[in-house]
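Me: I have a chain open here and want to go through its layout with you. Can we start with the sheets and work outwards?

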Amino acid sequence: MTEYLSKRLSAVRPPQTIALALKVQQMKAEGHDIISLGQGELDFATPEHVAEAGIKAIRDGQTKYTAVAGTPELKAAIARKLKRDNGLDYEPAQIIAGTGAKQLVFNAMMATVDAGDDVVIPVPAWVSYPDIVRLAGGNPILVPMTAADGWKLTPDALAAALTPATKWVMLNSPGNPTGALYTAEELAALCDVLRDHHALIMADDIYELIVHEGSFATPAAVAPDMVDRILTVNGVSKGFAMTGWRLGYAAGPAWLVRAMDILQSQSTSNPSTISQAAAAAALDTDPAELQPRLTRLTARRDMVMEAIAKMPGVEAATPPASFYVFPSVEGLMGARTPEGGVIENDMDLSNYILAAARVAVVPGSAFDMPGHLRLAYALSEDRLAEAMDRMVTALSALELPVSA
Ligand code: PMP
């Protein structure tokens with residue numbers, strides 16, 4: 001019955017991660033003890049005072065529709081946050097809250113991208129960017145980044161990718177899946193390339209609060225003369241362990257925010273009223289309160305890096321931010337499994353790791369960068385330690401290809 005599906009939907013790739021996720025589910029159902037390093041979601045609980053704000057909203061009867069783009073209270077909290085943390089000044093009409101940062105990326109693309117428009121996406125990138133662009137009818141222009149450049153887009157690569165058809169450039173720092181973090185200078189150099197081009201810039205800052213070393217910077221703050229072309233997207237999912245509350249926000253030029261508001265008003269309307277109340281409390285959180293969680297995440301990252309050093313054929317520089325490590329596994333291509341199979345690509349390798357170590361990891365090809373794996377260390381320390389031990393054992397059992 002697929003003839004009923006719209007042409008729009010057929011442009012979207014079936015996510016490469018789905019086969020793996022289904023296999024994980026099946027193996028768990030069969031009683032296997034699978035440890036997943038696949039989820040981009042923290043194991044921590046929503047902070048107590050934030051959860052309480054949500055509960056209070058329910059008790060106080062804040063259970064009705066709100067303005068599509070969010071309550072005045074939430075918008076005020078977002079504006080305070082943008083000022084306090086990023087030095088940015090935004091009016092309520094330049095701010096919109098939505099059902100997760102994902103909805104804001106989606107709405108921005110749907111509101112601006114026409115057939116024939118190009119959107120520059122440095123890869124590896126979050127799986128959803130290219131498909132959202134395709135759904136909007138545009139062409140994702142994938143620009144490869146390299147580990148040697150710290151998985152960061154260089155000004156030259158950006159300049160080479162721009163054409164008159166480029167409508168947007170997507171920037172994501174800290175980055176998923178690599179944990180890369182751009183400095184203010186690096187962002188300024190990219191903005192310099194874009195200054196005389198008409199492209200809009202999306203700054204996806206969703207991992208802002210997960211920085212182990214270095215400082216977070218955002219394009220709107222480093223290139224204030226370009227704010228009328230920058231949409232800053234952020235949310236509470238990652239920083240506050242609130243993925244299930246589904247609350248993200250964006251700040252940008254009023255014309256764009258208005259267009260996103262119109263689109264949202266004909267799809268989901270306002271994000272959950274209860275989640276808005278909780279998010280307002282989250283955004284007013286003293287950063288010191290989040291420090292113990294960050295310290296734990298940094299220790300987990302170091303645990304993963306120590307384990308990677310013991311894995312033959314696996315290489316990664318220590319990522320400065322986010323809760324992902326994105327090692328190269330090129331050294332394992334052509335390796336033989338104890339059962340006599342050959343690892344031809346990163347999908348084969350993730351399948352082998354699942355079968356042999358009962359650990360789920362995402363192949364880099366899901367992020368348009370084959371030859372790599374993404375390991376998310378968003379799970380408890382003891383489970384993570386167990387996963388690393390199992391991976392070291394399974395990878396050590398591979399017979400490595402003789403290097404040329
Ligand atoms: N941007 C990036 C880079 C992400 O990794 C994610 C979540 N995986 C999102 C946006 C969306 O976050 P949410 O919709 O949960 O706010």
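**Sheets, domains and ligand shell**

Reply: This is a predicted model. One open sheet has 3 strands in the order 9-12-11, with antiparallel pairing.

Me: Which strands are at the edges of that one?

Reply: Strand 9 and strand 11 (362-363) are the edge strands, and each pairs on one side only.

Me: How many bridges join strand 9 to strand 12?

Reply: There are 2 bridges between strand 9 and strand 12 (residues 373-376), and the two strands run antiparallel. Within strand 12, Ala-376 is the residue that stands opposite Tyr-324.

Me: What holds strands together in a sheet, in general?

Reply: Strands of a sheet pair through backbone hydrogen bonds, in either a parallel or an antiparallel way.

Me: OK, the other sheet. What is the strand order?

Reply: That open sheet has 7 strands in the order 2-8-7-6-5-3-4, and its pairing is mixed.

Me: Why do strand 2 and strand 4 each have one side without a neighbour?

Reply: Strand 2 (95-98) and strand 4 (139-144) stand at the edges with a single partner strand each, so one side of each has no neighbour in the sheet. From one strand to the next, the twist averages 20°.

Me: Which way does strand 2 run against strand 8, parallel or antiparallel?

Reply: Antiparallel, with 4 bridges joining strand 2 to strand 8 (residues 248-251). Ile-96 stands opposite Ala-250 in strand 8.

Me: Which helix lies across strand 2 and strand 8?

Reply: Helix 4 (residues 72-86) does, running at about 115° to strand 2. Helix 10 (residues 254-265) also packs on the sheet, where it touches strand 2 and strand 7 (230-235). The direction of helix 10 makes about 30° with that of strand 2.

Me: Switching to domains. Where are the bounds?

Reply: The domain assignment gives domain 1 as 2-45 + 288-396 and domain 2 as 64-285. Their C-alpha centres lie 26 Å apart.

Me: And how many residues are in contact between domain 1 and domain 2?

Reply: 33 residues of domain 1 are in contact with 30 residues of domain 2. On the domain 1 side, helix 12 (287-309) and strand 9 (324-325) are the elements that give two or more residues. Helix 12 gives the largest share, 6 residues.

Me: What is that side of domain 1 like by class?

Reply: The side of domain 1 that touches domain 2 has 20 nonpolar, 6 polar and 7 charged residues.

Me: What does UniProt have for residues 33-390?

Reply: An unreviewed UniProt entry places the feature "domain: Aminotransferase class I/classII large" at residues 33-390. Over residues 33-390 the chain is 39% helix and 14% strand, with the end C-alpha atoms 12 Å apart.

Me: Now the ligand. Which residues are closest?

Reply: Of the 13 residues that surround the ligand, the closest are Gly-100, Ala-101, Lys-102, Asn-176 and Ser-237. The shell has 3 nonpolar, 8 polar and 2 charged residues.

Me: Last topic, backbone oddities. Where is Pro-124, and is its bond from Val-123 cis or trans?

Reply: The peptide bond from Val-123 to Pro-124 is cis, with omega near 10°. Pro-124 lies in the loop between strand 3 (118-123) and helix 6 (128-135).

Me: And the bond from Ser-173 to Pro-174, cis or trans?

Reply: The bond from Ser-173 to Pro-174 is cis, with omega near -10°. Pro-174 lies in the loop between strand 5 (166-172) and helix 8 (184-195).

Me: What is phi of Trp-151?

Reply: Phi of Trp-151 is near 55°, a positive value in a residue other than glycine. Trp-151 is in the loop between strand 4 and helix 7 (155-161).

How values were computed: Residues are numbered from 1 along each chain as its sequence is written. This is a predicted model: local features need pLDDT of at least 70, side-chain atom pairs count only at pLDDT 80 or more; totals for chains, interfaces and linings use all residues. UniProt positions are given in the numbering used here, feature names are shortened, and annotations may be inferred rather than shown by experiment. A residue is near a molecule or strand if its C-beta atom, placed from the backbone, lies within 6 Å of it. Ala, Val, Leu, Ile, Met, Phe, Trp, Tyr, Cys and Pro count as nonpolar, Asp, Glu, Lys and Arg as charged, and the others, Gly among them, as polar. Two strands pair if DSSP finds at least two bridges between them. Axes are lines fitted to C-alpha atoms, for helices over the stretch in contact, and angles run from 0 to 180 degrees between N-to-C directions. Two residues are in contact if their C-beta atoms, placed from the backbone, lie within 7 Å. Domain bounds come from an automatic or database domain assignment.
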